[in-house]
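Got your viewer open? Here's a short walk through the model, one selection at a time.

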Amino acid sequence: MALALNHPKGASADILLYGATVVSWKTATQINPQPTERLFVSAASARDGSKPVRGGIPVVFPCFGPPTHQEHLSLSQHGFARSSIWSWDGAIHDADDKLSVTLTLEPTDAIRAVYTRPFHLAYIVTLGQFELSTELRVKNMSGSNIYPPDNLEFQALFHNYILAPSSEVLVTPLKNITYFDKTESTPEGKAAPKVETRAGVDVRKFTDSVYEDAPQSYDVTWPGGGVEIKTSNLKDVVIWNPQTEAGGKMGDMEKGGWERFVCCEPGHVRGFASVAPGLTWVGKQTISVVHSARRHQ
Ligand code: TA6
């Protein structure tokens with residue numbers, strides 16, 4: 001099932017209950033009044049819930065990449081949130097010239113079979129005239145009368161597939177930020193950290209970089225277009241594009257799809273976020289369209 005948000009000023013967003021995946025976000029700019037798609041979804045993507053959508057904004061929780069935490073070892077890459085059916089109360093909230101919906105996820109039998117921690121997720125998607133926000137709230141449902149406190153440890157990330165020409169797109173500002181290059185032969189974490197020297201990060205070659213303690217606000221721009229991504233409580237960011245080298249081996253990546261997107265993925269993925277019993281962790285991003293594209297040299 002999918003739900004649609006249609007803003008009175010022309011923007012729209014489509015969200016699958018499967019994975020709470022935003023699969024379309026269309027908006028105009030102040031220059032071009034025609035609402036235009038801002039996200040990439042592979043034409044070869046599964047759309048039947050048989051596997052996570054190859055595109056849009058998959059929600060990554062409770063682990064990023066192959067699991068490393070003791071409590072995550074039965075999980076598949078990027079965790080279960082993006083391949084679970086979320087619930088929606090049917091309500092579309094209209095306030096401050098924005099529309100929003102809240103999707104929720106609680107342990108199901110399928111989740112409990114691979115993950116035993118008590119949690120409650122709420123995912124709020126908000127559509128404005130020129131921006132889209134996604135906010136993940138992670139509540140630790142453990143009893144607070146347990147000693148030592150049974151903190152919930154997890155990773156979370158918004159796996160944004162931004163529609164962009166991968167041969168020309170640049171992501172800023174990442175200069176001087178420490179990152180881990182997952183394209184290196186050794187698994188991330190064993191690869192020596194590097195320091196970004198480029199003013200603008202491109203993805204002209206196969207790129208899979210995990211930036212730690214990053215600026216939490218990014219410009220993703222190309223000649224004639226761009227988006228800004230402003231985040232809160234998401235200390236890291238991943239920049240990924242498989243190019244032919246890795247994209248050509250992905251069964252659900254349309255031929256040449258890697259030429260049409262950059263993944264700019266804010267999250268908490270280096271180390272683990274931790275939330276005490278009864279408390280809630282909140283991570284949020286706001287993606288807004290750039291009205292007059294500026295080129296970062
Ligand atoms: O976010 C980048 C990344 O971790 C890459 O290493 C690549 O695996 C990508 O995610 C896609 O992962 P997926 O499990 O969706 O094929």
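Start with the ligand and show what surrounds it: Arg 54, Phe 64, Gln 77, His 78, Arg 82, His 159, Lys 182, Asp 208, Val 238, Trp 240 and Glu 265. Keep in mind that this is a predicted model.

Now pick out three of those side chains and look at the polar atoms. Gln 77 has a side-chain N or O atom 2.8 Å from a ligand oxygen. For Arg 82, a polar side-chain atom also sits 2.8 Å from an oxygen of the ligand. Go to Lys 182 and you'll find a side-chain N or O atom 3.1 Å from a ligand oxygen. How much of the ligand's accessible area does the protein cover? On its own the ligand has 390 Å², and 84% of that is covered.

Next stop, the interior. Select Leu 136, Val 220 and Ile 239: these have the most contacts inside the largest nonpolar core, a set of 61 residues. Then color strand β9, residues 119-127, which supplies the largest share of this core with five residues. Zoom in on Leu 136 and show its contacts beyond four places in sequence; among them are Val 59, Trp 86, Leu 121, Phe 158 and Trp 281. For a second, separate core of ten residues, select Tyr 161, Met 253, Trp 258 and Phe 261, which are included in it.

Last, switch to cartoon for an open, antiparallel sheet of four strands in the order β1-β2-β3-β4. Which strands are at the edges? They are β1 (2-6) and β4 (36-37), each paired on one side only. Strand β3 (residues 22-27) meets β4 through two antiparallel bridges, and there Lys 26 stands opposite Glu 37 of β4.

Key: Residues are numbered from 1 along each chain as its sequence is written. This is a predicted model: local features need pLDDT of at least 70, side-chain atom pairs count only at pLDDT 80 or more; totals for chains, interfaces and linings use all residues. Side-chain values use heavy atoms; hydrogens and water are left out. A nonpolar core is a set of buried Ala, Val, Leu, Ile, Met, Phe, Trp, Tyr and Cys residues joined through side-chain atoms within 4.5 Å. Buried means under 20% relative accessible area, exposed over 50%, partly exposed in between (1.4 Å probe, protein chains only). Contact means heavy atoms within 4.5 Å. Two strands pair if DSSP finds at least two bridges between them. A residue is near a molecule or strand if one of its heavy atoms lies within 4 Å of it. A polar contact is a pair of N or O atoms within 3.5 Å; within protein, one must be able to donate a hydrogen and the other to accept it, and residues adjacent in sequence count only if both atoms are side-chain atoms. Accessible areas come from the Shrake-Rupley method with a 1.4 Å probe; for residues, only the protein chains shown count as cover.
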